[in-house]
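Colleague: I would love to go through this model with you, step by step. Could you tell me how each label is earned?

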Amino acid sequence: MTVETLQGAIFDTDECDAFADKLESRIRSHDRDIEKLCSAHHQGFIESIRDLLELKGLANRIHGEVQTIDSDICRSVTQLKLKGQELADARRIERNMKTTIEMLQSCLPVLRAYIKLQQQMKEKRYYPALKTLEQLEHIHLPSISHYSFSEHMKRSLAKVRESIKEASMIDLKDFLESIRKYSPKIGEVAMRHTAEQLNIDISANSSVIKRLMSPTVSGEFDYEAQSESVYSVEEDLSAQDLVDFSPVYRCLHIHTVLDAKETYENYYRKQRKKQARLALQPPTNMHETIEGYRQYFHGIVGFFVVEDHVMNTASTLVNRSYLDDVWNIAVSKIASSVRTHSSYCTDPALMLKIKNLVMLFSSTLRTYGYSVSQLVELLQEIRDHYNEVLMQRWVHVFRDIFDEDNYHPIQVTTAAEYQRVIESFPYRDGHLEAAPFPKRFPFSSLVPKVYRQIRNYIQACLQFSQDLNLADQEIDDTLRRYTNLLLTRTLSGCLSTLIRKPSLSLLQLIQISINTNYLEESNGWLEEFIAQLTGASRELSHIARLQGRAVFRDVRDDAEQQIYEALKRKMDEFMELANYDWQLNEPSGQASSFLMDLIAFLQSTFQAFTNLKEHVAQNACLTACRHIAEILMDLLLSDDVRSISMGALQQVNLDVIQCEQFAASEPVPGFEDGTLLSSFLDLRQLLDLLLSWDWSAYFHDYGQDTSKYLRVSPQRAITVLEKLREADKRTVFSVLKKSERDKKKLMETVLRQLRQLLQSSA
């Protein structure tokens with residue numbers, strides 16, 4: 001409860017007066033206590049006052065003494081202060097002097113370094129100048145950064161930095177120009193080292209190809225060729241021996257210090273990529289000589305050898321991923337350029353050199369870690385083109401053989417001659433070996449020459465497949481595939497062209513057909529020869545069997561057709577001499593002279609068929625008989641012959657009889673009875689019908705299988721009858737004879753009935 005609250009509570013009551021009385025009583029009590037206290041201490045108070053007065057005197061005396069002492073001290077302090085100020089000034093001057101000396105000493109190295117830098121720039125010693133510049137910027141200048149002249153020096157150093165950068169870039173450009181000049185030399189040395197390490201014969205043996213296309217008398221070949229090195233003897237130099245790489249490292253270090261490393265790397269790579277594009281551009285005449293290819297590959301190898309050296313010595317400038325990217329672009333262009341230029345090449349010896357050079361190029365770059373799979377594929381394509389070039393060459397080889405052959409069986413008079421033929425063509429025949437000299441082979445010189453040239457072609461193909469790191473079986477399959485191409489395309493085409501030559505005689509065609517029989521037999525010998533060359537198992541060579549048998553069989557079939565056609569043409573020459581008198585009254589009593597000459601020719605010709613297969617001679621004989629029958633039938637039915645007398649018809653009958661006698665004499669053995677005679681059956685039935693005038697039997701049995709004149713058609717009968725009727729009209733006295741008039745009526749009746757048969761059958 002507060003005082004105000006209490007007062008309020010008191011004054012609100014009727015006890016206010018009582019309270020006042022109590023308060024007054026209390027005050028009086030306190031006053032009495034105070035008086036008692038004052039009475040008790042009064043004496044002490046008096047004594048205290050007396051002591052204070054004494055102290056006052058002492059205090060005044062001390063105060064005077066203190067003032068005197070203070071005056072003395074003030075005078076002393078004033079003098080001390082003056083001396084202290086003089087001492088402080090002296091020490092400040094000393095300190096400033098020391099500081100100045102220290103500052104000057106700290107600036108001296110900077111000034112010396114700056115003077116040294118200027119001197120180095122004047123002397124064009126940029127690499128030491130860069131070191132001095134680096135010391136100034138990182139060591140000296142930070143210690144004097146608080147001086148104003150340091151800013152001026154920093155600006156000056158920036159200009160010096162740019163000068164060093166420009167000077168280093170000039171050195172780099174000189175290096176790039178130099179490296180472009182020496183890259184082919186570097187590539188040449190690198191490829192030579194690879195050839196020495198891998199024992200690669202970098203000179204293609206072109207003389208082998210020439211000898212393969214020009215066999216000796218004995219058919220043997222000398223494969224030991226003297227090869228000359230394509231590289232001159234020189235010192236064992238490497239890339240760093242041929243080119244000074246210090247500008248690259250110096251420039252790299254300068255730009256690294258100048259914080260322009262990335263700019264330098266980009267510039268270096270850009271310039272080297274430009275040089276790579278130049279190196280990848282082939283010479284315009286590269287396809288003409290091997291030197292063009294060699295120069296091209298040397299430049300490319302030199303480029304990548306230099307880059308590999310830079311990568312190993314300055315990995316930040318050139319790394320593996322960058323080189324792989326450049327190589328991936330380059331290898332496609334390389335393959336395209338070589339593919340394009342090699343496609344113009346028509347010299348197999350040059351293509352062998354290209355192959356060896358590509359292999360050496362691939363091996364060299366493989367040793368530097370680059371993938372050469374595209375180059376391996378390129379070699380496969382070049383190999384296919386090489387095979388095409390070989391086949392084009394062998395077209396001329398085969399044609400020369402065909403032109404030189406006389407198409408007569410080989411005849412030898414001595415054992416040496418016999419042995420040479422056997423060595424060139426492994427033909428064995430017991431009867432021929434036992435026969436006395438002179439001996440006659442069944443084939444002409446074409447057979448051993450063609451066989452030898454096929455072997456030579458196989459050896460030429462093998463020249464390219466060697467050293468390609470292929471398995472024996474793969475080489476075997478490749479040789480078989482290429483040999484099949486030679487057989488099915490080149491040789492088959494040449495033989496087809498040969499047998500269609502119009503200048504070939506029938507006997508020459510017969511000899512060609514005989515030759516194909518023995519060429520077909522050589523198929524097995526060729527397979528054995530390939531197996532011996534490759535070392536592959538013949539049991540595993542079933543995938544690509546030689547197709548020689550089928551090729552020579554097709555050629556022989558074609559030759560047989562040409563034999564048949566040539567036989568027909570020769571027969572046509574004889575038949576062109578036919579000069580029938582179609583108005584002849586009486587026959588001569590013997591066959592026509594031209595037909596007798598033709599039969600004599602056929603008899604002598606079929607004697608030459610003895611070395612042919614039986615079916616060929618039989619087909620030729622059957623073809624001849626049928627052709628004679630067709631010609632005689634065409635003569636009778638020809639529109640040029642308006643009329644035919646019975647005498648002329650009887651003369652034709654005599655000729656047919658002579659032909660039938662020839663057919664019955666079996667000019668070629670092996671025919672079944674009546675086979676050749678059936679060729680003249682149409683003629684025989686037509687002539688018998690016309691000469692015997694047996695029309696009643698003809699009409700009675702017409703259409704029946706047992707008919708005597710089954711092969712006589714109404715149209716043929718009408719044609720000949722009309723010509724006989726026309727001949728009768730020309731006889732003046734025929735109308736006077738009753739028998740002739742009756743015959744004429746009968747002929748008209750027969751013609752009318754024949755026309756009815758013809759209409760009914762239509």
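Colleague: Let me start with a single residue: where does Thr 346 lie?

Modeller: Thr 346 sits in the loop between α10 (320-342) and α11 (348-367). Keep in mind that this is a predicted model.

Colleague: Which residues does Thr 346 touch, if we do not count those up to four places away in sequence?

Modeller: They are Val 389 and Arg 393. The word "touches" is used because heavy atoms lie within 4.5 Å. Another pair to look at is Thr 346 and Gln 392, which are 46 residues apart in sequence and 8.6 Å apart in space, C-alpha to C-alpha.

Colleague: And for the whole protein, what share of the contacts with a separation of 6 or more comes from residues 24 or more positions apart?

Modeller: Such residues account for 80% of them. The protein has 762 residues, and 42% are buried. Its secondary structure comes to 25 helices and 2 strands.

Colleague: How do you know that the span of α17 agrees with what a helix should have?

Modeller: Helix α17 (residues 506-534) has 29 residues, so at 1.5 Å a residue the span should be 42 Å. The end C-alpha atoms are 42 Å apart, which agrees. There is a bend in α17 of about 30° at Asn 523. After α17 comes Gly 535, with a positive phi near 75°.

Colleague: What makes you say that α17 is mostly covered?

Modeller: We count its buried residues: 22 of the 29 in α17 are buried. A residue earns that word because its relative accessible area is under 20%.

Colleague: Why is Tyr 407 called buried?

Modeller: Tyr 407 has a relative accessible area of 6%, and the cut-off for buried is under 20%, so Tyr 407 is buried. Its place is in the loop between α12 and β1 (411-412). Tyr 407 also has a positive phi of about 55°, although it is not a glycine.

Colleague: Which residue in the loop between α22 and α23 (695-701) has a positive phi although it is not a glycine?

Modeller: Trp 693 is found in that loop, and its phi is positive, about 55°.

Colleague: What joins Phe 437 and Pro 438?

Modeller: A cis peptide bond, with omega about 0°. Pro 438 is in the loop between α14 (430-434) and β2 (439-440).

Colleague: How are α20 and α22 packed?

Modeller: Two packed helices are described by the angle and the distance between their axes. For helix α20 (residues 614-637) and helix α22 (residues 681-692), the angle is about 35° and the axes are 9 Å apart. Ala 629, Leu 632, Met 633 and Leu 636 in α20 meet Asp 682, Leu 683, Leu 686 and Leu 687 in α22. By class, this contact has 7 nonpolar, no polar and 1 charged residues. Asp 682 is one of the residues in the contact, and Asp counts as charged.

Colleague: Which residues touch the most other members of the largest nonpolar core?

Modeller: Trp 327, Ile 334 and Phe 402 do, in a core of 184 residues. Helix α12 (residues 373-404) gives the largest share of this core, 14 residues. Beyond its neighbours within four places in sequence, Ile 334 is in contact with residues including Leu 280, Tyr 296, Trp 327 and Leu 375. There is also a second, separate core of 19 residues, with Ala 113, Met 121, Tyr 147 and Met 153 among them.

Methods
Residues are numbered from 1 along each chain as its sequence is written. This is a predicted model: local features need pLDDT of at least 70, side-chain atom pairs count only at pLDDT 80 or more; totals for chains, interfaces and linings use all residues. Side-chain values use heavy atoms; hydrogens and water are left out. Helices (H or I, at least four residues) and strands (E, at least two) are DSSP runs, numbered from the N terminus. The expected span of a helix is 1.5 Å times one less than its number of residues. The bend at a residue is the angle between axes fitted to the seven residues ending there and the seven starting there. Buried means under 20% relative accessible area, exposed over 50%, partly exposed in between (1.4 Å probe, protein chains only). Axes are lines fitted to C-alpha atoms, for helices over the stretch in contact, and angles run from 0 to 180 degrees between N-to-C directions. A nonpolar core is a set of buried Ala, Val, Leu, Ile, Met, Phe, Trp, Tyr and Cys residues joined through side-chain atoms within 4.5 Å.
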